[in-house]
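Visitor: I have a structure open and would like to talk it through with you. Could we go from topic to topic as things catch my eye?

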Amino acid sequence: MVSKISEEIFTSFQKDLLAGDRRQCSMLVEKLLSGKIDVRDLYLNLFQRAMYNIGRLWEYNKISVAVEHLATSITLQMLNLVYPVLFSAEKKNKSAVIACVANEYHQLGSQMVSDIFELNGWNGYYLGSNTPLDDLLKYVDTKKPDILGLSIAIYFNMQNLWKTVEVVRREFPGLFILVGGQAFLWGGREITTEFSDVHYAAGFEDLENLIRQQEN
Amino acid sequence: MPVDMLDILRKYVFTEASLFLLICSSNGRITDSNPYTKQLLGFDPLNYKINDLFLDFTHVVEPRKIFKEIPEDKLFNIKTFTGLPQSLYFRFFDLGSLFLIVGRSDPREQENMRKEIIELNNNLNSLTRQLHKQNSELAKLNKLKDQFLSMAAHDLRNPSGVILNIAEILKENLSAQLTEEDAYLWDRMQKNALFMSQIINDFLDVSLIQAGQLSLRYSSCSIADLLRDNVRQHQIMAETSGLKLSLELPPENIIISCDISKIEQVLNNLLGNAIEHTEKGGDILVKLTADAEHLTITVRDTGMGISPDKIKEIFDFYSKDRKKLSVKKSSGLGLAISQKIIAAHQGKIWVESVVDKGSTFSFSIPLNK
Ligand code: B12
């Protein structure tokens, strides 16, 4: 896939994001959408790249948390611009429920993952960040999804994830559980061998391969 | 503490720290403040009175009353540059001829608030997403419902036509044998079958309109002839109801291009409604006028009228009162269908009405079509 995000577009979005200029950011995203940009391209090469960069700037103390908060909030809102097209497409009879485990506040990545399901014709139901285990179990019980996706960005939430997977495995023995998120860069992948039918996907490519496998 | 460290701290506290600092004379005039205070207020408070900054003191006329030593944290509200008030924990120090006022925020409150904002923001985004998702699911269901309605109406149209035809043939063949009572029942059966087929046709129209497939077959016609025919057709019905139905035409003959059967459908609807809703002894006037660009047809009755709150949604498909406002034996969709037909002719339809005096329905369509 050739990216439609040039260096120039990226720099200008990043600049507006750091300045907290939501209007300017929306205009740029609207323009890209009307140019029929692939949603994956938009998500990875603009949003994710900008947020990873902002994480670095914050880590190196170049920007304050306030600037980071504003940038995250704006980027989250940019996803809304994609929804009218994303949801109106025809859907298969397949569904996934996606959530962040309890105490996990990093929302952007998992919300994007739910959208990738939609993009593949699945119903991608998104529960949000910091989802209490009880709520998750109830929702899975009513929606009866084909896949449950759990997201985790910070490593110290790994225990929460293990606990969640353990309970879900017990309550819904046959359910396909998908885990992902940045925390796995620090370890924890044994979870896929520790429990049956728990799978890990690193990025969109892995994810879409798994989705295709699950359709057959 | 070594003296020079104290010196540094003193300087730092006054120039850099996130502390709200004011120095006032004993009459309440501000004589000095630090940069943090100026930023938070959005202006330099020099020479202002402290009543101007503290929301809690706006009614205090005698500053001496405020200026007591406050040795422990006390909450007061100040104005800020955002226009929203902010609560800070204050202490007042009496220095004889001067007062030192120090305010600070509680870091726990601030951090809790920040966490709450992040959580709220996340929730807002997941909820917005859910809303979009559900909206599209509802739109798909709605489409399915439209398709179902259209299929049902389509499938019912032929059998209902067959029933009507056979009933007519049998009536002719059997008319000699039927008793008066049988003939009456036969008549009611035919009327109801006709009513049913009209409802089916309305449903079909609605489903075509909803699918954006209402297409017009234009041909040219004399609008006066069309009106004469239509009024004549309704004359018997009007007379049976004890109504006077009249037609007023301009001297010139106007030829327009329109879908004749669709315009007839609109006229049938307006006249049918007028006859239904006008009491015995009333008048119904159909009138044609034209200017250089438009022709306008009005149907005026002296009936019960429509109340203003119902008028707003009278041309809506989903109007709650559509049943009450239309002919008893109909789907109640007539006005909504008429509105779409007129809109398809690039025209408009409207109503003026006074309760207990009557209603005037009008529509106009452009002449150069
Ligand atoms: C924004 C941000 C925050 C915001 C989040 C706000 C919000 N509403 O989302 C706030 C301020 C809350 C925050 C807080 C913290 N953060 Co933070 N944060 C970030 C930042 C800058 C960006 C995150 C982001 O949006 N990334 C962009 C998205 C698109 O990428 P992603 O999450 O990786 O998702 C992709 C993949 O991972 C994958 N994926 C994600 N989920 C899933 C799920 C499935 C099923 C699958 C298949 C795939 C998948 O798909 C996505 C698309 O490719 C990152 C920096 C970074 N490198 O990401 C740090 C970062 C994630 N934060 C970090 C830390 C340490 C914290 C705090 C602990 C800080 C602290 N000391 O207080 C707290 C913890 C709060 C909590 N309990 O959750 C570290 C995590 C290190 C670690 N692994 O332990 C990071 C990496 C920064 C760093 N380098 O130090 N943070």
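**Salt bridges, metal and core**

Guide: Let me begin with R10(B), which is exposed because its relative accessible area is 55%. Please keep in mind throughout that this is a predicted model.

Visitor: Which residue does R10(B) form a salt bridge with?

Guide: The partner of R10(B) is D7(B), and the closest N and O atoms of the pair are 3.2 Å apart. Both residues belong to helix 1 of chain B (residues 3–15), where they are 3 residues apart, or about one turn of the helix.

Visitor: And is D7(B) buried, partly exposed or exposed?

Guide: D7(B) has a relative accessible area of 43%, so it is partly exposed, since that class runs between 20% and 50%.

Visitor: How many salt bridges are there over all chains?

Guide: The search of the whole structure gives 22 of them. One of these is in chain A, where the side chains of D38(A) and R40(A) meet with an N to O distance of 3.0 Å, and D38(A) counts as partly exposed because its relative accessibility is 28%.

Visitor: What about E119(B), which side chain does it meet in a salt bridge?

Guide: The side chain of E119(B) meets that of K115(B), at 3.9 Å from N to O. The two residues lie in helix 5 of chain B (residues 107–174) and are 4 residues apart, again about one turn of the helix. E119(B) is partly exposed because its relative accessibility is 22%, and K115(B) is partly exposed because its value is 43%. Elsewhere, K91(A), E118(A), K133(B) and E137(B) are joined into one network by salt bridges that share partners.

Visitor: Changing topic, what is the protein donor of the cobalt atom of the ligand?

Guide: The only protein donor is H106(A), which offers its NE2 atom at 2.3 Å from the cobalt. H106(A) sits in the loop of chain A between strand 1 (95–100) and helix 5 (108–119).

Visitor: How many disulfides does a search of the whole structure find?

Guide: The search finds 0 disulfides over all chains. As for individual cysteines, C25(A) is buried because its relative accessibility is 0%, and C24(B) is likewise buried because its value is 0%.

Visitor: Let's look at I223(B), where is it placed, and what is it in contact with?

Guide: I223(B) is placed in helix 7 of chain B (residues 223–240), and it counts as buried because its relative accessibility is 0%. Apart from neighbours within four places in sequence, I223(B) is in contact with I254(B), I256(B), L288(B), L295(B) and I297(B). By contrast, I311(B) lies 88 residues from I223(B) along the chain, and their C-alpha atoms are separated by 28 Å.

Visitor: Back on the surface, which residues make the nonpolar patch of about 390 Å²?

Guide: That patch is made by Y155(A), L185(A) and W186(A). Y155(A) is found in the loop between strand 3 (147–151) and helix 7 (158–171) of chain A, and it is partly exposed because its relative accessibility is 39%.

Visitor: And W162(A), is it buried or partly exposed?

Guide: W162(A), in helix 7 of chain A, counts as partly exposed because its relative accessibility is 21%, whereas buried would need a value under 20%. Leaving out neighbours within four places in sequence, W162(A) is in contact with G188(A), E190(A), I191(A), E194(A) and F195(A).

How values were computed. Residues are numbered from 1 along each chain as its sequence is written. Chains are lettered from A and ligands numbered from 1 in the order in which they are written. This is a predicted model: local features need pLDDT of at least 70, side-chain atom pairs count only at pLDDT 80 or more; totals for chains, interfaces and linings use all residues. Side-chain values use heavy atoms; hydrogens and water are left out. A disulfide is a pair of cysteine sulfur atoms within 2.5 Å. Buried means under 20% relative accessible area, exposed over 50%, partly exposed in between (1.4 Å probe, protein chains only). Donors are N, O and S atoms within 2.8 Å of the metal (3.2 Å for Na, K and Ca); water is not among the atoms, so sites may look incomplete. Contact means heavy atoms within 4.5 Å. Patches are made of residues with over 30% relative accessible area and no salt bridge: like charges are joined within 9 Å, nonpolar side chains (Val, Leu, Ile, Met, Phe, Trp, Tyr) within 5 Å. Accessible areas come from the Shrake-Rupley method with a 1.4 Å probe; for residues, only the protein chains shown count as cover. A salt bridge is a side-chain nitrogen of Lys or Arg within 4 Å of a carboxyl oxygen of Asp or Glu.
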